[in-house]
Amino acid sequence: MIGGLFIYNHKGEVLISRVYRDDIGRNAVDAFRVNVIHARQQVRSPVTNIARTSFFHVKRSNIWLAAVTKQNVNAAMVFEFLYKMCDVMAAYFGKISEENIKNNFVLIYELLDEILDFGYPQNSETGALKTFITQQGIKSQHQTKEEQSQITSQVTGQIGWRREGIKYRRNELFLDVLESVNLLMSPQGQVLSAHVSGRVVMKSYLSGMPECKFGMNDKIVIEKQGKGTADETSKSGKQSIAIDDCTFHQCVRLSKFDSECSISFIPPDGEFELMRYRTTKDIILPFRVIPLVREVGRTKLEVKVVIKSNFKPSLLAQKIEVRIPTPLNTSGVQVICMKGKAKYKASENAIVWKIKRMAGMKESQISAEIELLPTNDKKKWARPPISMNFEVPFAPSGLKVRYLKVFEPKLNYSDHDVIKWVRYIGRSGIYETRC
Amino acid sequence: MTDSKYFTTTKKGEIFELKAELNSDKKEKKKEAVKKVIASMTVGKDVSALFPDVVNCMQTDNLELKKLVYLYLMNYAKSQPDMAIMAVNTFVKDCEDPNPLIRALAVRTMGCIRVDKITEYLWEPLRKCLKDEDPYVRKTAAVCVAKLHDINAQLVEDQGFLDTLKDLISDSNPMVVANAVAALSEIAESHPSSNLLDLNPQSINKLLTALNECTEWGQIFILDCLANYMPKDDREAQSICERVTPRLSHANSAVVLSAVKVLMKFMEMLSKDLDYYGTLLKKLAPPLVTLLSAEPELQYVALRNINLIVQKRPEILKHEMKVFFVKYNDPIYVKLEKLDIMIRLASQANIAQVLAELKEYATEVDVDFVRKAVRAIGRCAIKVEQSAERCVSTLLDLIQTKVNYVVQEAIVVIKDIFRKYPNKYESVIATLCENLDSLDEPEARAAMIWIVGEYAERIDNADELLESFLEGFHDESTQVQLQLLTAIVKLFLKKPTETQELVQQVLSLATQDSDNPDLRDRGYIYWRLLSTDPVAAKEVVLAEKPLISEETDLIEPTLLDELICYIGTLASVYHKPPSAFVEGGRGVVHKSLPPRTASSESAESPETAPTGAPPGEQPDVIPAQGDLLGDLLNLDLGPPVSGPPLATSSVQMGAVDLLGGGLDSLIGGTNFVAPPTAAVPANLGAPIGSGLSDLFDLTSGVGTLSGSYVAPKAVWLPAMKAKGLEISGTFTRQVGSISMDLQLTNKALQVMTDFAIQFNRNSFGLAPAAPLQVHAPLSPNQTVEISLPLSTVGSVMKMEPLNNLQVAVKNNIDVFYFSTLYPLHILFVEDGKMDRQMFLATWKDIPNENEAQFQIRDCPLNAEAASSKLQSSNIFTVAKRNVEGQDMLYQSLKLTNGIWVLAELRIQPGNPSCTLSLKCRAPEVSQHVYQAYETILKN
């Protein structure tokens with residue numbers, strides 16, 4: 001299991017050091033600094049073995065988190081734990097920065113003592129942790145006996161993510177379907193790979209211990225449930241989508257999903273990620289990028305890029321940005337664009353073309369002349385792909401939320417009393433066209 | 001509230017000031033001071049001097065302060081054990097606190113203080129806490145048992161904590177169950193034999209129930225534990241699989257990977273004909289693909305595991321090639337891993353796409369990645385024959401880019417393609433030749449030279465090209481020098497008229513001006529070959545080359561099976577068994593997949609392998625000409641698989657082969673070793689004398705200092721048979737030289753003089769390397785001890801038995817004959833350690849009928865001892881593995897005539913007899929090798 005956990009700043013100074021196992025000595029702290037943080041070459045693996053000691057690291061802005069062990073630990077678990085650790089810290093004091101870590105070091109030690117015991121991760125749900133570890137110090141001495149046992153039963157219990165007795169005057173919930181659409185297209189317009197990775201994020205303000213049931217237009221779910229009425233199957237079959245795979249928050253009863261394809265759960269209070277999914281079929285690609293690069297002699301490059309929006313004319317895409325890479329020996333750039341603003345950013349070696357809004361079924365164009373310095377460098381320019389960023393108000397996978405039902409048998413509010421909001425946002429993930 | 005200020009105190013006298021503050025009456029000030037201490041401790045300053053003062057702060061009802069003091073205690077208690085005792089009372093008191101959080105905190109901290117005296121006080125509170133009414137306390141106590149076990153294992157067992165821990169597996173609270181499982185698993189690892197985690201269908205059922213209810217981390221503990229269970233039949237395996245599959249949808253990647261591990265393992269037990277087997281295969285692909293959308297570090301772990309899974313069960317992901325396409329912004333470690341998997345998944349169906357991608361990658365920035373991509377294109381050509389042409393044209397396009405390292409890498413792989421598809425793509429040679437000047441890496445230069453030599457007859461200016469390399473011959477690396485030598489000899493054999501001068505030049509460069517023994521040896525071999533029998537030389541040098549294999553870098557099947565049992569863990573990331581990177585006995589218990597069930601491919605069990613020596617009718621011991629040449633030619637470029645360079649060892653192997661084998665005529669007709677110069681063919685003239693004696697040194701090699709096992713002297717020639725001369729003797733091998741230690745006793749009444757010795761031709765060409773020198777006449781009843789150095793370059797004739805040596809000894813009285821058997825281990829050379837990959841390849845390559853199995857009885861040695869004993873006799877352990885409690889030693893040895901013998905020695909602790917399996921291309925040596933083993937091991 002994890003033998004120790006260290007946090008360093010960018011200089012390699014240790015900010016937090018917590019050792020759980022006897023086989024990890026102080027020299028491990030230095031070994032990581034010397035061999036990884038101060039290493040001359042770029043780090044080539046997130047797992048490093050130095051003198052039979054393994055170091056796992058993740059980096060958040062300029063902070064290094066390293067877990068150390070001498071055993072054959074579950075590597076996936078260690079990384080999951082490090083991410084979780086970052087989430088927990090972020091939930092307590094916001095951005096993970098040197099300043100924040102130094103300001104909260106006592107709190108971090110306390111958290112580390114609680115969520116990692118002898119190197120074994122324990123309950124790390126922020127909701128539960130916040131009931132007894134607070135930024136203002138511990139309040140336990142003032143707790144009543146009932147409160148204490150409520151804490152412990154929540155921390156260890158089946159529903160470790162929610163405490164009992166939550167009350168809201170207005171029961172309300174928000175569902176965000178957040179998708180990022182990824183594309184790799186050849187210069188000729190052939191889709192090399194495309195997939196959508198989506199998340200359903202729920203923000204709930206519900207009283208008591210509500211049972212929720214979530215439904216969407218997934219093919220398998222619909223087919224399974226729609227057996228009774230053949231009519232409905234054929235009707236909804238048209239709009240249903242094929243989800244390649246999905247994963248759920250730990251509150252979802254997986255065995256029930258496996259057997260009945262129904263997504264049922266008692267949600268944590270506040271915001272959480274209900275599920276993640278991935279689709280690869282019938283993706284609506286919101287934009288098509290058509291590049292045209294022409295080399296004119298050795299010192300000039302002509303680039304023309306057309307973008308076409310491919311969705312309902314009534315919808316508006318936002319925050320559109322097209323990034324056209326330029327060679328390293330670029331000396332000057334002239335750009336003309338039909339819409340938005342375009343600028344050559346020498347420091348980023350790219351022309352950045354920004355458009356605030358664009359409706360569906362439209363197209364726009366940019367042309368640029370790139371002057372090159374003559375070089376005797378034989379190496380050809382690698383021509384990185386043209387990438388694009390945008391945001392659209394629909395789900396490119398075609399996913400639709402069909403229902404989210406809420407039952408709370410003990411309290412007297414029904415599904416109808418809950419105010420529900422659903423929002424779809426499609427963003428670009430890695431959306432690239434080779435040129 | 002900015003705690004960061006505590007980090008900034010660096011002035012002198014700090015400790016003193018802190019001391020004062022710690023003893024202050026004001027609570028706030030105390031707390032501040034402790035915080036400062038902790039901050040100093042974090043940065044690495046030694047604040048142990050403050051121990052008593054900090055411990056004094058412990059008796060407080062301020063929980064925050066208490067936690068800080070505990071943190072300090074965990075760090076320094078070990079350095080101040082006596083002081084630490086001061087804390088005990090507070091701990092014991094806290095274990096009785098009404099607040100469960102405080103009870104748990106006390107137990108948790110006490111377990112972290114590794115001081116014996118404190119541990120003693122821990123038993124009672126721990127016993128209580130294990131049965132506490134509050135689950136939070138119980139789950140903490142469960143882990144504490146593991147902590148205590150780490151400090152004092154005996155005590156934990158004596159106090160019966162293990163039984164209590166086992167009871168917790170049936171606890172009503174899922175988290176308590178999970179922690180108990182984790183603790184028990186860890187304890188069980190250090191006691192591989194104990195039946196601690198007594199898993200049975202009932203307890204498995206409990207675990208599976210808890211699996212649905214506990215935290216994500218708990219699920220990981222339980223799944224990892226389940227993976228160690230061996231279901232009793234396929235029905236049980238299937239029912240466990242059914243209950244584990246829902247975990248594949250968990251958001252936590254570690255839960256998913258651990259579930260994959262359980263499924264991969266138990267799948268072994270399911271019949272392939274079962275519908276469920278197919279369903280399960282289908283269910284495994286999507287979650288594995290989803291892992292690739294996780295954060296990059298997890299992607300890396302996932303990809304390393306997928307690499308294993310693809311090798312074990314290629315069918316799972318065969319349609320998912322696209323998801324392994326590299327993204328521009330992937331970190332380099334993800335890119336390299338993806339590329340690896342792409343090559344493995346490449347098939348005729350997807351090759352077009354793969355090639356297009358690879359070509360794209362070859363234009364990227366990262367040099368390593370680009371090289372690997374170019375190499376991958378070559379692998380595709382070799383793997384998918386239909387694509388070879390397209391691959392070659394892609395490679396040519398890349399060569400046209402003139403990017404230096406791309407060109408070099410491309411030439412290296414094109415050489416492999418030529419090997420695989422001879423006489424198909426030679427039209428590209430012209431293009432390759434254009435790039436000759438830009439090659440500056442040895443591997444690429446060597447590859448290019450190989451190509452020029454191999455196709456010398458089609459390249460008009462081959463001699464000019466090769467000559468141009470010759471100018472800076474001594475600045476080249478060995479690899480290039482060797483290649484150049486071979487290429488020019490090839491050229492000479494193909495176009496003898498124009499290139500005589502060139503070949504003379506390279507031979508003299510190689511033999512006279514170089515101090516590299518490998519190069520010199522190869523030079524001499526060619527020289528002699530060419531001068532004695534050019535036709536034979538042609539057959540040797542231009543022989544047909546063995547084909548190269550399609551798949552590379554495959555993990556050896558037993559290791560792969562073991563690694564599958566470690567999916568998700570570090571072992572699967574390193575692709576090494578835990579014993580390779582974990583110290584001590586912990587966690588190195590060997591794991592293996594359950595045996596496959598009947599319905600499909602039943603593995604051959606080793607027991608069915610033929611035992612005993614193979615029957616007599618076998619080919620000659622001395623490898624047939626063909627074999628030899630294969631070896632010799634193999635070394636041209638080393639194995640195409642681009643593993644670690646093997647050229648060096650195979651060069652020597654080839655050289656010795658030749659000397660022991662067909663070239664005896666060269667050495668001269670007498671059984672006495674002729675003075676080397678006499679044997680040198682005249683036409684090449686050169687001052688070879690010094691060189692040749694070097695050549696003979698070669699048999700002595702560079703060896704370990706300790707010698708091989710030496711048997712006590714035995715009487716070989718009794719006095720009554722030899723007119724009063726008694727000879728006893730033995731054979732020794734020390735630092736690479738063999739000698740015959742003789743003891744001559746004169747039991748006659750007259751003085752003996754004029755001793756001489758001669759050997760008959762024998763299987764391994766043993767011959768005296770010097771005349772028998774008995775300086776003074778041997779008077780009656782006198783004994784002399786003589787050590788006669790032997791060489792293995794004498795004439796060869798197969799003897800029966802193989803190790804029979806017929807000796808003639810002459811003195812002034814008469815000539816006497818006797819024969820003796822020499823132990824084979826004197827022929828084991830010092831460089832007989834084979835490279836692991838080579839070993840693996842060779843082992844597979846040698847047909848099974850050549851395998852012989854022997855029992856060595858009454859040899860109560862452990863693997864370590866056996867290995868070191870054998871090593872001193874030049875039997876080298878290439879790899880060691882533990883399979884189901886048995887130690888398996890994989891060993892290699894090489895005979896003076898270049899025959900390799902591969903061995904697998906299975907040692908069972910507690911069982912005095914061990915099993916030896918031998919594989920060798922010349923199976924009749926096996927029997928004698930076995931005898932050598934027996935002699936060495938038993939002495």
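A polar contact is a pair of N or O atoms within 3.5 Å, where, within protein, one atom must be able to donate a hydrogen and the other to accept it. The exercises below apply this and related criteria to a predicted model.

**Exercise 1. The interface of chain B and chain A**

Task: Describe the interface of chain B and chain A by working out how many residue pairs are in polar contact across it, how many salt bridges the rule finds there, and how much area the two chains bury between them.

Solution.
Step 1. Applying the polar criterion across the interface of chain B and chain A, with both residues at pLDDT 80 or more, gives 43 residue pairs in polar contact, and the salt-bridge rule finds 13 salt bridges across that interface.
Step 2. Helix α9 (residues 135-151) of chain B provides the largest share of the side of chain B that touches chain A, namely eight residues.
Step 3. Counting participants, the contact takes 111 residues from chain B and 96 residues from chain A.
Step 4. The size of an interface is often given as the accessible area lost when the parts come together. Chain B and chain A bury about 8,800 Å² between them, and 56% of this area is on carbon and sulfur atoms.
Step 5. On the side of chain B, the residues that lose the most area to chain A are T42(B), W217(B) and E297(B), which together account for 8% of what that side buries.

**Exercise 2. Salt bridges between chains**

Task: For the salt bridge between the side chains of D22(A) and R114(B), find the N to O distance, and determine where each residue lies.

Solution.
Step 1. The side chains of R114(B) and D22(A) meet at 2.9 Å, N to O, which satisfies the cut-off of 4 Å for a salt bridge.
Step 2. D22(A) belongs to the loop between β2 (14-19) and α1 (27-37) of chain A, while R114(B) belongs to the loop between α7 (100-112) and α8 (116-130) of chain B, so the pair joins two chains.
Step 3. D22(A) has a relative accessible area of 36% and is therefore partly exposed, and R114(B), at 22% relative accessibility, also counts as partly exposed.
Step 4. E360(B) and R434(A) also form a salt bridge, with their closest N and O atoms 3.7 Å apart.

**Exercise 3. Salt bridges within a chain**

Task: The structure holds 69 salt bridges over all chains; for the one between R427(A) and E391(A) and the one between D340(B) and K372(B), establish which elements are tied together and how the partners are covered.

Solution.
Step 1. The closest N and O atoms of R427(A) and E391(A) are 3.4 Å apart. Because R427(A) lies in strand β23 (residues 419-433) and E391(A) in strand β21 (residues 386-392) of chain A, this pair ties together parts that are 36 residues apart in sequence.
Step 2. R427(A) is partly exposed at a relative accessible area of 37%, whereas E391(A), at 14%, is buried.
Step 3. For D340(B) and K372(B) the N to O distance is 3.5 Å. D340(B) sits in helix α19 (residues 332-345) and K372(B) in helix α21 (residues 367-383) of chain B, so the parts tied together are 32 residues apart in sequence.
Step 4. D340(B) counts as buried at 18% relative accessibility, since the limit for that class is under 20%, while K372(B), at 27%, counts as partly exposed.
Step 5. A network of salt bridges that share partners joins R371(B), R375(B), E409(B), E441(B) and E443(B).

**Exercise 4. Chain B: a helix, a sheet and a histidine**

Task: Compare the expected span of helix α18 of chain B with the distance between its end C-alpha atoms, give the strand order of the five-stranded open sheet, and decide whether H825(B) is buried or exposed.

Solution.
Step 1. Chain B has 40 helices and 13 strands, and buried residues make up 60% of its 939 residues.
Step 2. Helix α18 (residues 296-312) of chain B has 17 residues, which at 1.5 Å a residue should span 24 Å, and its end C-alpha atoms are 24 Å apart, in agreement. Of the 17 residues in α18(B), 15 are buried.
Step 3. The open sheet of chain B runs in the order β1-β2-β3-β6-β5 with antiparallel pairing, and its edge strands are β1 (714-717) and β5 (767-768), each pairing on one side only.
Step 4. β1(B) pairs with strand β2 (residues 725-734) of chain B over three bridges, and A714(B) stands opposite G729(B).
Step 5. H825(B), in the loop between β8 (815-821) and α38 (836-845) of chain B, is buried, with a relative accessible area of 1%. Beyond its neighbours within four places in sequence, H825(B) is in contact with S708(B), Y709(B), R733(B), S873(B), A932(B) and I936(B).

Conventions:
Residues are numbered from 1 along each chain as its sequence is written. Chains are lettered from A and ligands numbered from 1 in the order in which they are written. This is a predicted model: local features need pLDDT of at least 70, side-chain atom pairs count only at pLDDT 80 or more; totals for chains, interfaces and linings use all residues. Side-chain values use heavy atoms; hydrogens and water are left out. Helices (H or I, at least four residues) and strands (E, at least two) are DSSP runs, numbered from the N terminus. Buried means under 20% relative accessible area, exposed over 50%, partly exposed in between (1.4 Å probe, protein chains only). Contact means heavy atoms within 4.5 Å. The expected span of a helix is 1.5 Å times one less than its number of residues. Two strands pair if DSSP finds at least two bridges between them. Buried area is the accessible area (1.4 Å probe) that two parts lose on being put together, summed over both. A polar contact is a pair of N or O atoms within 3.5 Å; within protein, one must be able to donate a hydrogen and the other to accept it, and residues adjacent in sequence count only if both atoms are side-chain atoms.
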